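Morning, everyone. Let me put the structure up, and then we'll walk along one helix and see what sits on it.

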Amino acid sequence: MKTIKLLFSVIFLLTLLGSPQIYAQGKGKEKKLEKSQQKKSEEVKQKGKEAKEKAEKESNKIKKEHKQKGEKVEKEIKAKKEFKGDGNAYGRNKGDLSGKEFGKLRSQEALEKIEEKQENINSSEKTLNEGRERVKKAKERLEKQKKAKEITEEEARKKEDKVGKAEKKLDELEEKIKKQKEKTKKEKKVLKDITVKDED
């Protein structure tokens, strides 16, 4: 028992004597840790400053490029406004024709375009009439087949749907033709008014 007491007392003394050393070693580690953290924070701050400077340089560079591009575009716009070249204006490049001759030539060209449009309208009307005739015949055939009970109700409905779609397309074509007729009629009238004024 004495040995156990002695052993405990020795261990107790050793722990008392050893704890300040351990404590001191812990402080040294803390100081080292603080120093390394300070170094790291300084490095991070330095890198942050460098990154910030780099970003500012890049943004300044981009701003300069945009400014230069803007100035370049403005110069191009001014140059285009000042340019009085050939362009699309009729009459600038009329060759050896006089103004009156050139005007007559242009009115003749316009008249030819209107006539071409009129021919297109006539061919479209012909197609429309043929289509209407075909739809009419298809309807008659369908009615005969229904009466003769050559086809089922479902087949009859499908064929009626097809005929209905064809009629809708023909109606749309008719509308387009009407609009085109009105447009060419107006163009003819305008051209006629212009040519009458020129003849006066």
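Let's begin with one residue. R141 sits in helix α2. Keep in mind that this is a predicted model.

Is R141 buried or exposed? R141 has a relative accessible area of 52%, and the cut-off for exposed is over 50%, so R141 counts as exposed.

R141 has company. Together with K137, K159, K162, K165, K168 and K169, R141 forms a patch of positive charge on the surface. Which elements give two or more residues to that positive patch? They are α2 and α3, and α3 runs from 153 to 199. The largest share comes from α3, with five residues.

Now the helix itself. α2 covers residues 99-148, which is 50 residues. How far does α2 reach from its first C-alpha to its last? The span is 73 Å, close to the 74 Å expected at 1.5 Å a residue. After α2 comes K149, and the phi of K149 is positive, near 55°.

Next, the buried side of the story. Which residues in α2 are buried? They are F102, I114, I121, L128, G131, V135, A138, L142 and Q145. Here is a rule to keep beside that list. An α-helix has 3.6 residues a turn, so residues three or four places apart point the same way. Try the rule on the buried residues of α2, among them L128, G131, V135, A138 and L142.

Back to charge, with the opposite sign. There is a patch of negative charge on the surface, made of E112, E115, E116 and E119. Take E119, which is found in helix α2. E119 has 56% relative accessibility, so E119 counts as exposed.

On to pairs. Side chains of opposite charge can pair when their charged atoms come close. How many salt bridges does a search of the whole structure find? The search finds seven. I'll take three of the pairs in turn.

Pair one is E187 with K117. Their side chains meet in a salt bridge, at 3.2 Å from N to O. E187 lies in helix α3 and K117 in helix α2, so this pair ties together parts that are 70 residues apart in sequence. Both residues count as partly exposed, E187 with a relative accessible area of 24% and K117 at 27%.

Pair two is E125 with K181. The closest N and O atoms of this salt bridge are 2.3 Å apart. E125 is in α2 and K181 is in α3, so the pair ties together parts 56 residues apart in sequence. E125 is partly exposed at 23% relative accessibility. K181 is partly exposed too, at 38%.

Pair three is R132 with E174. In this salt bridge the closest N and O atoms are 2.7 Å apart. R132 belongs to α2 and E174 to α3, so parts 42 residues apart in sequence are tied together. R132 counts as partly exposed at 28% relative accessibility, and E174 is partly exposed with a relative accessible area of 29%.

One more step with that pair. Which residues are linked with R132 in a network of salt bridges? They are D171 and E174.

To recap: the positive patch draws on α2 and α3. The E187 and K117 pair ties α3 to α2 as well. That's my tour. Over to you for questions.

Conventions: Residues are numbered from 1 along each chain as its sequence is written. This is a predicted model: local features need pLDDT of at least 70, side-chain atom pairs count only at pLDDT 80 or more; totals for chains, interfaces and linings use all residues. Side-chain values use heavy atoms; hydrogens and water are left out. Helices (H or I, at least four residues) and strands (E, at least two) are DSSP runs, numbered from the N terminus. The expected span of a helix is 1.5 Å times one less than its number of residues. Buried means under 20% relative accessible area, exposed over 50%, partly exposed in between (1.4 Å probe, protein chains only). Patches are made of residues with over 30% relative accessible area and no salt bridge: like charges are joined within 9 Å, nonpolar side chains (Val, Leu, Ile, Met, Phe, Trp, Tyr) within 5 Å. Accessible areas come from the Shrake-Rupley method with a 1.4 Å probe; for residues, only the protein chains shown count as cover. A salt bridge is a side-chain nitrogen of Lys or Arg within 4 Å of a carboxyl oxygen of Asp or Glu. Lys and Arg count as positive and Asp and Glu as negative; His and the chain ends are not counted. The place of a charge is taken as NZ of Lys, CZ of Arg, CG of Asp or CD of Glu.
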